[in-house]
Amino acid sequence: MTIDKTYSPADIEARWYPHWEQSGAFRPERPDAEPFTIVIPPPNVTGSLHIGHALDNTLQDVLIRYHRLKGRDALWVVGTDHAGIATQQVVERTIAGQGLTRQSMGRDAFVKTVWEWKEHSGGTITRQLRRLGASCDWSNERFTMDEGFSRAVLKVFVDLYRQGLLYKDKRLVNWDPKLRTAISDLEVEQKEVQGSFTHFRYPLADGSGHIVVATTRPETMLADMAVAVHPDDERYKAWIGQHIAQPLTGRLIPIVADEHADPELGSGAVKITPGHDFNDFEVGRRIGIAAADMLSMFDLDGKVQQTADGRVPAKYLGMDRFDARKAIVADMEEAGFVEAIEDKTIQMPYGDRSGVPIEPLLTDQWYVDAATLAKPAIEAVRSGHTKFVPATWEKTYFNWMENIQPWCVSRQLWWGHQIPAWYDEDGKVYVAETEAEAQAQAGDKALTRDPDVLDTWFSSGLWPFGTLGWPDDTPALRRHYPNSVLVTGFDIIFFWVARMMMQGQHLMGEPPFATVYCHGLVRDAKGQKMSKSRGNTVDPLVLINQYGADALRFTMTAMGTQGRDIKLSEKRVEGYRNFGTKLWNAARFAQSNGIGASQQIGPPEASLPVNRWIIGEVAKTTQALDLAMAEFRFDAYADTIYQFVWSRFCDWYLELTKPVLGDGATGPAADETRAVAGWALDQILVMLHPVMPFITEELWHALGERPYDLILAKWVEADAHSIDAEAGPEVDWLIRLVSELRTARNELNVPAGAKLPLFVREASPETAARLSRNAAAIERLARIQGISHEAAPAGGAAQVVVGEATFVLPLEGVIDLAAEKARLEKAATAAEKERDALAGRLGNPGFVERAKPEAVEKARSDHAEHSENAARIRSALARLG
């Protein structure tokens with residue numbers, strides 16, 4: 001098969017992915033091989049591929065393809081999450097267009113409609129993952145609400161309940177008044193908004209004075225239950241234990257001592273509303289107010305309702321919470337109880353799905369005793385059974401796990417795993433996996449099922465073992481649990497990783513992963529977080545369509561530096577597409593010179609130094625790639641293979657072998673070179689395949705007949721014995737010499753076509769021998785006309801030093817030496833001026849501490865660039881002697 005002149009990623013991708021999937025290449029049978037297992041963080045069934053998915057799944061696929069090539073029993077578990085709120089919203093919007101609501105349809109009909117939507121429209125994200133090249137085990141695709149997984153979810157709920165680790169309680173939750181459900185912290189988005197700090201005067205009950213409290217939520221005064229001051233605040237020590245006669249409600253509330261009050265903030269006194277503030281809830285519990293006795297002034301729609309003590313004036317009942325805020329401030333002002341109102345920028349929690357402010361609300365919900373489950377999950381990381389990469393994320397994990405709160409697992413939705421709890425007419429609860437079991441517990445009492453569903457994180461926390469057949473004792477479970485590694489964003493350590501660690505450790509007796517690799521976020525080219533409001537989001541499918549999946553994958557891998565976010569520039573993606581073109585053209589050159597598929601896995605016999613050198617370079621590259629993968633240094637993996645392909649193989653090896661292969665040359669040297677070049681090119685395709693699977697598979701087959709696809713090939717067989725102690729140093733010396741001569745010519749504006757004599761001083765016998773053996777290559781590659789060990793003629797010249805020898809290029813009559821010196825001096829001075837100015841800015845603590853991080857980063861980058869330019873130009877001047 002002749003390789004096409006033009007590299008066309010789209011044609012290649014459309015051809016190879018279906019072939020791989022249909023041939024079973026993603027899950028070859030390797031029962032005797034060591035398992036390597038990854039579970040995909042299940043994307044929402046409603047989702048479409050975003051740039052974060054592109055990063056996350058590229059890194060996973062690099063790992064899976066690498067370990068598959070290494071002969072491991074590589075399993076990448078794939079599936080989607082039912083995404084309770086997101087999916088219910090999508091379907092509710094759909095039926096609204098038909099004049100329906102879920103309430104008008106009824107629960108069973110609505111849930112059936114959601115399943116129908118899932119079957120017809122829920123596959124977008126999985127189709128897009130295929131476009132990226134993700135080599136998942138699609139033949140065993142899972143869904144968090146499929147029959148087997150649902151059985152696992154219900155069993156866990158029942159088991160935890162029976163073990164006393166799951167219970168119902170009244171606590172504050174993030175309540176979304178629009179969706180009318182509790183939501184997790186992950187679904188809450190903090191936004192900066194313009195608000196105000198309202199300072200109320202609360203009169204003492206004995207009429208002896210007043211205390212000032214400041215609040216950003218004046219409407220919640222209708223449910224105040226105390227005023228708190230710091231126990232060490234001398235201003236208020238005598239007032240602790242007295243009461244406030246609260247305006248508007250007339251409620252008597254105590255002044256209490258609690259360290260939550262900050263003496264430095266405002267007046268040092270704060271109103272305590274346990275039923276509508278998370279901090280106040282804890283204060284309320286510390287001062288002895290039970291959750292059942294905490295006052296709640298908002299209904300499920302965020303409207304004012306009567307409190308249990310009946311103290312809310314009738315005029316406010318039924319008001320929206322924000323209308324009530326205005327009315328209460330106006331009434332307090334009119335009554336003379338407002339001391340001041342100051343404008344203030346505040347952080348307001350919003351529901352990320354509904355877009356409305358979240359209301360902390362006291363509700364009856366189901367909770368998991370997370371503190372108990374967290375202890376063995378913490379120990380699993382402390383003991384080293386599970387390690388985080390980078391290790392710095394362990395601190396974040398410990399900090400959160402050691403301060404974990406009860407986990408609210410119930411949601412007021414219809415789509416999801418309905419809670420397996422039934423109630424009799426007296427409110428007694430019966431928890432069982434089936435209604436029949438619950439009825440058996442209740443006897444002849446009529447039962448009603450709990451209408452709520454489980455938090456999506458509860459079910460996705462079972463993903464590492466529920467996808468492998470648990471609670472059944474399956475061969476897959478025994479073989480692939482614990483999983484080898486989890487690849488995920490650091491931002492869901494709390495929400496997903498912690499849940500999997502707790503549930504895996506508790507239910508399986510060991511943690512679910514050996515390693516948790518946490519990558520950064522993908523930001524725009526300026527380092528700003530991507531968001532629709534900023535208009536700087538990047539659609540990975542647009543990049544794939546324009547540059548190919550391989551180019552995007554290489555970008556994600558090359559920029560995947562541990563502990564750092566990615567600044568995504570389209571120019572980088574374009575650059576890596578050009579890298580693909582470079583490889584493509586190298587393969588075309590090889591094919592046109594009779595180089596084809598290698599007939600062996602190990603390196604061929606070689607006598608020519610350049611061939612022995614490239615075999616050693618393959619071995620060194622393989623070692624570096626293995627080390628990078630072992631350390632999860634994806635950036636090092638990409639950089640290593642990039643430098644080897646572009647520089648060592650294309651720019652040097654192929655150039656150095658052209659004289660041996662030219663004009664259809666034959667003979668032992670040409671035969672050996674074709675064999676070695678074909679083998680080296682094969683190894684490149686193998687080593688590059690995990691990152692750029694499409695182009696490598698295409699070239700693998702284009703170069704000759706193969707007994708198997710590249711995706712199932714064997715990893716490179718070249719070890720330290722393949723590194724030649726003599727040929728390697730000599731070719732490296734040759735490359736360095738030619739590079740230095742080329743740099744000198746380029747920096748001094750020597751015409752490209754000019755061939756210059758080369759004079760050598762102080763060369764050792766070894767260097768002289770090397771010059772003799774490599775004279776033809778030096779003359780051809782560095783545009784040299786003769787090499788002499790005699791003294792160079794007098795006059796201007798460029799000098800380069802390589803090893804102990806000095807190499808002189810006479811320049812009299814070739815360039816205007818005076819003009820060239822003046823040009824370089826001017827350029828050096830300008831670069832040094834810019835360098836020093838930037839150094840001054842970076843040395844100013846005020847700039848570094850107050851400027852935007854992206855501005856500081858740009859200044860550092862510019863300083864490094866100007867420093868490098870100044871050094872390079874000064875070096876060129878020095879060469880002129």
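A search of the whole structure, which is a predicted model, finds zero disulfides. Cys136 accordingly takes part in no disulfide, the nearest cysteine sulfur being that of Cys518, 20 Å away. Because its relative accessible area is 0%, under the 20% limit, Cys136 is classed as buried. Cys650 is likewise buried, with a relative accessible area of 9%.

In soluble globular proteins, nonpolar side chains tend to be buried together. In the present model, the largest nonpolar core comprises 196 residues, and Phe458, Phe554 and Phe807 have the most contacts inside it. Helix α21 (residues 634-661) supplies the largest share of this core, with 13 residues. The surroundings of Phe807 were examined further, leaving aside neighbours within four places in sequence. Phe807 is in contact with residues including Trp733, Leu737, Leu758, Phe759 and Val760, and also with Thr767, Leu771, Ala798, Gln799, Val800 and Val802. A second, separate core has 39 residues, among them Trp175, Phe200, Met297 and Cys408.

Gln799, one of the contacts of Phe807, was also considered in relation to Glu740. The two residues Glu740 and Gln799 are separated by 59 residues in sequence, while their C-alpha atoms are 9.6 Å apart in space. Glu740 belongs to helix α24 (residues 727-747), and its relative accessibility of 23% places it in the partly exposed class.

Helix α9 occupies residues 321-334. Its 14 residues, at 1.5 Å a residue, should span 20 Å, and the end C-alpha atoms are 20 Å apart, in agreement with that expectation. At the start of α9, a side-chain oxygen of Asp320 comes to within 3.0 Å of the backbone nitrogen of Phe322. The buried residues of the helix are Arg321, Ala324, Ala327, Ile328, Val329, Asp331 and Met332. An α-helix has 3.6 residues a turn, so residues three or four places apart point the same way. The cover over the buried residues of α9 includes β7 (188-203), β13 (338-351) and β14 (359-368). After the helix comes Gly336, with a positive phi near 85°.

Agreement between expected and modelled span is also found for helix α20 (residues 609-630): its 22 residues should span 32 Å at 1.5 Å a residue, and its end C-alpha atoms are 32 Å apart. This helix is followed by Phe632, whose phi is positive, near 55°.

Among the strands, β1 (residues 35-39) is mostly covered, four of its five residues being buried. Strand β1 pairs with β2 (residues 73-77) in the parallel sense over five bridges. Within this pairing, Pro35 stands opposite Asp73.

Backbone geometry was then examined in several loops. The peptide bond from Val389 to Pro390 is cis, with omega near -5°, and Pro390 is placed in the loop between β15 (387-389) and α11 (393-402). Tyr481 and Pro482 are also joined by a cis peptide bond, with omega about 0°; Pro482 lies in the loop between α15 (475-480) and β22 (483-489).

Positive phi values in residues other than glycine include that of Ala83, at about 50°. Ala83 is located in the loop between β3 (79-80) and α3 (84-96) and counts as buried, at 5% relative accessibility. Arg783 has a positive phi near 55° and is found in the loop between α26 (775-781) and β27 (784-788). At 33% relative accessibility, Arg783 is classed as partly exposed, whereas Ala83 is buried.

Note on methods
Residues are numbered from 1 along each chain as its sequence is written. This is a predicted model: local features need pLDDT of at least 70, side-chain atom pairs count only at pLDDT 80 or more; totals for chains, interfaces and linings use all residues. Side-chain values use heavy atoms; hydrogens and water are left out. Helices (H or I, at least four residues) and strands (E, at least two) are DSSP runs, numbered from the N terminus. The expected span of a helix is 1.5 Å times one less than its number of residues. A disulfide is a pair of cysteine sulfur atoms within 2.5 Å. Buried means under 20% relative accessible area, exposed over 50%, partly exposed in between (1.4 Å probe, protein chains only). A nonpolar core is a set of buried Ala, Val, Leu, Ile, Met, Phe, Trp, Tyr and Cys residues joined through side-chain atoms within 4.5 Å. Contact means heavy atoms within 4.5 Å. A polar contact is a pair of N or O atoms within 3.5 Å; within protein, one must be able to donate a hydrogen and the other to accept it, and residues adjacent in sequence count only if both atoms are side-chain atoms. Two strands pair if DSSP finds at least two bridges between them.
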